[in-house]
Amino acid sequence: MAEQAMNHPLSQRHPFLTAFALSLAAAVSLGMSRFSYALLLPPMRADLDWSYLLAGAMNTANALGYLIGAMVTPAFMRRFGAQSALIGGSVCTGLFMLLSGFVVSAEMLLAQRVLAGAASAFIFIAGGLLAARLGALHPRHAGFLIGLYYGGTGFGIVLSALLVPAALAGATAQGVPHGWQWAWIGLGVMCFLATLAMALPAASIDGAAAPANGQRPVRLLSFGWSLGGYFMFGVGYIGYMTFVIALLKEQGMQGPQLSLFYAALGVAVVASSRIWAGMLDRFKGGQAMAILNGLLAVATLLPVLTSAIVAVFASGILFGAVFLSVVASTTALVRHNLPATSWSSGISMFTIVFAAGQIVGPTVVGWISDGAGGLQRGLVFSAVALLIGAALASRQQPLQQR
């Protein structure tokens, strides 16, 4: 029996362990590469005298790189396989984040954010494809396995919430002039360690992309409503994830509370894989995306309406428990409505729309926040975008019913 078990890859023998290892890819590509910036924005803005427009442009640059990477990834995977995109992208992301610890120029930091965004798209798309294939191997647990992959972003958020304040405190104690640089270096090292941990489990899943001539074309109009809803999700959610820490700091929340808030948000992201798994399996159209976008709009408005600590933490926990499940809902939508040979193209299509929305969101929210009403008004814009996304997604029907 032992010899028979050894003949089966890890992905068949231990699907949950494999999904957990894959989730480190999401931790790197989003949790650490993108969302750690919310914790670094206030000290970087204060040290480098940035406007909110420039601070938001840093995440716009990251999203621009993500869009470029999303457009290139399918061709790369067809030639080299998903594992090469996953591991190569993760190594490059760690390197680009590490380099941020050695520059202060806004132009250099913007370039770093573009490059890290492109590399993180390689990770995220490849990891999403591998998670979908892992779900196909274990259809009874497919929703949970896919949700666990995307929920791995929460591991990156929790790690950032612990590492960034510690690095800032250590740099301050040592009299380092730009303490935030230590945090970037620490995050880069964590990316390298995560890459080592995910390499072997990822290799146990079939990573060969279907050849271009073997894929059925994906018609954009077939997913028009859900693509529109996902674009507005990208516009809306990124404003919260970029500026919520800055808003709470303006409202008087101190360092330990900010770290606890962000860690609670990250833990909720991890838990979301279980919370919404049944809904992702049950709904074949855009219902899941619509419900989740509506909940995100509520979470976004809470810190705008009140600075009460209970409401603020409720906002973070609700937001964390929902927002990555919107991303998971697109993979589930692709898996429910397309043949396996078209999954790579379908996931890439949604990722490109997602990236386009994220390009718009941070800069617009930053521009609004520099005017009257400040960050509160900027987050109201985010909430409205999410509500529009919910309305659009609710119109998406399963393709077999069209």
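**Close-up 1. Helix α11 is mostly covered, with 21 of its 27 residues buried.** Welcome to the first view of this predicted model. Helix α11 takes in residues 224–250. From its first C-alpha to its last, α11 reaches 39 Å, close to the 39 Å expected at 1.5 Å a residue. Look for F243, where a kink of about 50° in α11 is centred. Just after the helix comes G252, which takes a positive phi of about 105°.

**Close-up 2. Helix α12 bends by about 25° at V269.** This helix covers residues 255–275, 21 residues in total, and reaches 30 Å from its first C-alpha to its last. That span is close to the 30 Å expected at 1.5 Å a residue. V269, where the bend sits, is one of the buried residues of α12. Others to pick out on the buried list include L258, F261, Y262, L265 and the two serines S272 and S273. What do the buried residues of α12 pack against? Their partners are α4 (37–48), α8 (142–151), α9, α11, α13 (277–282) and α15 (309–337).

**Close-up 3. T153 of helix α9 is buried, at 0% relative accessibility.** Helix α9 runs over residues 153–173, and T153 is found in it. T153 counts as buried because its relative accessibility is 0%, and buried means under 20%. Which residues is T153 in contact with, leaving aside its neighbours within four places in sequence? They are S23, A26, A27, L30, G31, F35, V269 and L324. V269 will be familiar from the previous view, as the residue at which α12 bends.

**Close-up 4. D49 has a positive phi, near 60°.** Here we turn to the loop between α4 and α5, where D49 is found. Most residues other than glycine have a negative phi. D49, a residue other than glycine, is therefore worth a look, with its positive value near 60°. Is D49 buried or exposed? With a relative accessible area of 70%, D49 is exposed.

**Close-up 5. L64, I68, M71 and V72 make a nonpolar surface patch.** The patch has an area of about 350 Å². One of its members, M71, lies in helix α5, which covers residues 52–80. M71 counts as exposed because its relative accessible area is 54%, and exposed means over 50%.

Terms used:
Residues are numbered from 1 along each chain as its sequence is written. This is a predicted model: local features need pLDDT of at least 70, side-chain atom pairs count only at pLDDT 80 or more; totals for chains, interfaces and linings use all residues. Side-chain values use heavy atoms; hydrogens and water are left out. Patches are made of residues with over 30% relative accessible area and no salt bridge: like charges are joined within 9 Å, nonpolar side chains (Val, Leu, Ile, Met, Phe, Trp, Tyr) within 5 Å. Accessible areas come from the Shrake-Rupley method with a 1.4 Å probe; for residues, only the protein chains shown count as cover. A salt bridge is a side-chain nitrogen of Lys or Arg within 4 Å of a carboxyl oxygen of Asp or Glu. Helices (H or I, at least four residues) and strands (E, at least two) are DSSP runs, numbered from the N terminus. Buried means under 20% relative accessible area, exposed over 50%, partly exposed in between (1.4 Å probe, protein chains only). The expected span of a helix is 1.5 Å times one less than its number of residues. The bend at a residue is the angle between axes fitted to the seven residues ending there and the seven starting there. Contact means heavy atoms within 4.5 Å.
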